[in-house]
Amino acid sequence: MAAPLTLRRGDRLVLATHNAGKLAEFKQLLAPFGLELVSAGELGLPEPEETGTTFVENARIKARAAAAASNNIALADDSGLAVDAIGGRPGVYTANWAMSGTVRDYGIGMRRVEDSLQAAGATTPKDRRGSFNATLCLAHPDGREVVYEGKVEGTLVWPPRGDKGFGFDPSFMPDGYDLTFGEMSSDEKHSWSPGKTGLSHRARAFAKFVEDALGGGVEH
């Protein structure tokens, strides 16, 4: 039986991302665990082509590529917005919906989602349901890997509200709240502490990762 894929204080972990907003969230989440963190972008690793059709497939592609290129354990995230009224789109293509030529502009992405909702006749809150989904993949250079998934349900709002977070956060209001992710502090949205799981999709996947790969919490 293969050895479990676990991390201890002082271990090096490559965060398989070139996205500054995502990197900032991960660094905050991982701060209590005493890991040596470095991103794929900081290492100058190439971004692999995300050819998967699911969040799990793309997370695996990124984690495997970073682990192989760096010869270190790597953690990758693939996440996105799935909107019910438009067939679950943009889904794994969430980032692509924000592309304008070679520039990524999430204002354009949110406008595109809104235009699609209007075209679908989704004008009331009950018709504007959606979810943020996150999949984490922890990969070892020897080929071992583990996947963790998180999801948060909510409603798409227009116009976008708030300038916190990143991506489509200002257009998404999670169930049970009257604030969008774009109006919430990072602590409100995705903080982690022993016995407490953050609100966001990424925080929910992260809690599963902590329990499995980091022994359930902070070692003192």
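How much area does the protein expose, and what share of it do carbon and sulfur atoms supply? The exposed area is about 10300 Å², and carbon and sulfur atoms supply 50% of it; accessible areas come from the Shrake-Rupley method with a 1.4 Å probe, and for residues only the protein chains shown count as cover. The model is predicted, so that local features need pLDDT of at least 70 and side-chain atom pairs count only at pLDDT 80 or more, whereas totals for chains, interfaces and linings use all residues. Residues are numbered from 1 along each chain as its sequence is written, and side-chain values use heavy atoms, with hydrogens and water left out.

The protein contains six helices and eight strands, taken as DSSP runs numbered from the N terminus (helices: H or I, at least four residues; strands: E, at least two). From the N terminus on, the order of elements is β-α-β-α-α-β-β-β-α-β-β-β-α-α. Along the principal axes, the C-alpha atoms fill a box of roughly 50 × 35 × 30 Å. The radius of gyration is 17 Å, which agrees with the value near 17 Å for a compact globule of 220 residues; this radius is taken over C-alpha atoms, and the globule rule is 2.2 Å times the number of residues to the power 0.38. Of the 220 residues, 47% are buried (under 20% relative accessible area, with exposed over 50% and partly exposed in between; 1.4 Å probe, protein chains only). Among contacts (heavy atoms within 4.5 Å) between residues at least 6 apart in sequence, 58% join residues at least 24 apart.

Rings of Phe, Tyr and Trp (its six-membered ring) pair if their centres lie within 6.5 Å; planes under 30 degrees apart count as stacked, over 60 as edge-to-face and the rest as tilted. Seven aromatic pairs result from this rule. One of them joins Tyr106 and Phe168, whose ring centres are 5.5 Å apart with planes at 80°, so the pair is edge-to-face. Because Tyr106 lies in helix α4 (residues 106-119) and Phe168 in the loop between β7 (145-156) and β8 (172-174), the pair ties together parts that are 62 residues apart in sequence. Phe168 counts as buried, at 3% relative accessibility.

Tyr148 and Phe209 also form an edge-to-face pair, at 5.8 Å centre to centre and 70° between the planes. This pair links strand β7, which holds Tyr148, to helix α6 (residues 201-213), which holds Phe209, across 61 residues. Both Tyr148 and Phe209 are buried, and ring pairs link them with Phe33 and Phe206 into a cluster.
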